[in-house]
Amino acid sequence: MDIKSMKNYLYWLYCQFELITCSYLMEPWEKLLFYTFNIMMLVMVLYTTYIFVPVHISTAFQFFLHLFENQHENAVSVVK
């Protein structure tokens, strides 16, 4: 894929984005506010995901590990 076709493809994607969001109808200052708000929301979601998801996965893993260890010990004590 050469540079010109990549440029055309990116422009096509941008046009599709404007059609989907109807931002082609907005004035330039409205587009600026709209894009700024959307970019800020995306950054906040990515930051929150980066900070909190690993903590929740670790906590869930420790919970299930502790849960399965206790079931194994209880099963062994019943057999004795």
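**A salt bridge between two helices and its surroundings**

At a relative accessibility of 0%, Ser23 counts as buried. The model in which this residue is described is a predicted one. Ser23 lies in the loop between H1 and H2, and its side chain is joined to that of Thr21 by a polar contact of 3.1 Å. When residues up to four places away in sequence are not counted, Ser23 touches Glu18, Lys31, Phe34 and Tyr35.

The loop that holds Ser23 also holds Cys22, which is placed between helix H1 (3-21) and H2. Cys22 comes just after H1 and takes a positive phi of about 60°, although Cys22 is not a glycine. Most residues other than glycine have a negative phi. In contrast to the buried Ser23, Cys22 counts as partly exposed because its relative accessibility is 38%. Helix H1 itself agrees with the expected geometry, since its 19 residues should span 27 Å at 1.5 Å a residue and its end C-alpha atoms are 27 Å apart.

A search of the whole structure for salt bridges finds 1. This salt bridge is formed by the side chains of Glu18 and Lys31, which meet at 2.8 Å, N to O. Because Glu18 lies in helix H1 and Lys31 in helix H2, the pair ties together parts that are 13 residues apart in sequence. The C-alpha atoms of Glu18 and Lys31 are separated by 9.9 Å, while the side chains of the two residues are also joined by a polar contact of 2.8 Å.

Both partners of the salt bridge, Glu18 and Lys31, are buried. For Glu18, which has its place in helix H1, the assignment follows from a relative accessibility of 10%. For Lys31, whose place is in helix H2 (residues 28-79), the relative accessibility is 19%, and this residue therefore also counts as buried, the limit being under 20%. Leaving aside neighbours within four places in sequence, Glu18 is in contact with Ser23, Tyr24, Lys31 and Tyr35. With the neighbours within four places in sequence again left aside, Lys31 is in contact with Tyr14, Glu18, Ser23, Tyr24 and Met26. Ser23 thus appears among the contacts of Glu18 and among those of Lys31, and Tyr24 is likewise listed for Glu18 and for Lys31.

Aromatic rings were examined next. A search of the whole structure finds 5 aromatic pairs. One of them is formed by Tyr9 and Trp12, which are stacked, with 6.0 Å centre to centre and 25° between the planes. Tyr9 and Trp12 are separated by about one helical turn, because they are 3 residues apart in helix H1. Tyr9 is partly exposed, with a relative accessible area of 41%, and Trp12 also counts as partly exposed, at 47% relative accessibility. Phe63 and Phe64 form an aromatic pair that is edge-to-face, with 5.3 Å centre to centre and 65° between the planes. Of these two residues, Phe63 has a relative accessible area of 46% and is therefore partly exposed, and Phe64 is placed in that class at 43% relative accessibility. Ring pairs also link Phe17, Phe34 and Tyr35 into a cluster. Two members of this cluster, Phe34 and Tyr35, are among the residues that Ser23 touches, and Tyr35 is in addition in contact with Glu18.

Cysteines and a further polar interaction complete the description. A search of the whole structure finds 0 disulfides. A disulfide is a covalent bond between the sulfur atoms of two cysteines. Cys15 is partly exposed, with a relative accessible area of 22%, and Cys22 is likewise partly exposed, at 38% relative accessibility. In helix H2, where Thr48 has its place, the side chain of Thr48 reaches the backbone oxygen of Met44 at 2.7 Å. Thr48 counts as partly exposed because its relative accessibility is 38%.

Key. Residues are numbered from 1 along each chain as its sequence is written. This is a predicted model: local features need pLDDT of at least 70, side-chain atom pairs count only at pLDDT 80 or more; totals for chains, interfaces and linings use all residues. Side-chain values use heavy atoms; hydrogens and water are left out. Helices (H or I, at least four residues) and strands (E, at least two) are DSSP runs, numbered from the N terminus. Buried means under 20% relative accessible area, exposed over 50%, partly exposed in between (1.4 Å probe, protein chains only). Contact means heavy atoms within 4.5 Å. A polar contact is a pair of N or O atoms within 3.5 Å; within protein, one must be able to donate a hydrogen and the other to accept it, and residues adjacent in sequence count only if both atoms are side-chain atoms. Rings of Phe, Tyr and Trp (its six-membered ring) pair if their centres lie within 6.5 Å; planes under 30 degrees apart count as stacked, over 60 as edge-to-face and the rest as tilted. A disulfide is a pair of cysteine sulfur atoms within 2.5 Å. The expected span of a helix is 1.5 Å times one less than its number of residues. A salt bridge is a side-chain nitrogen of Lys or Arg within 4 Å of a carboxyl oxygen of Asp or Glu.
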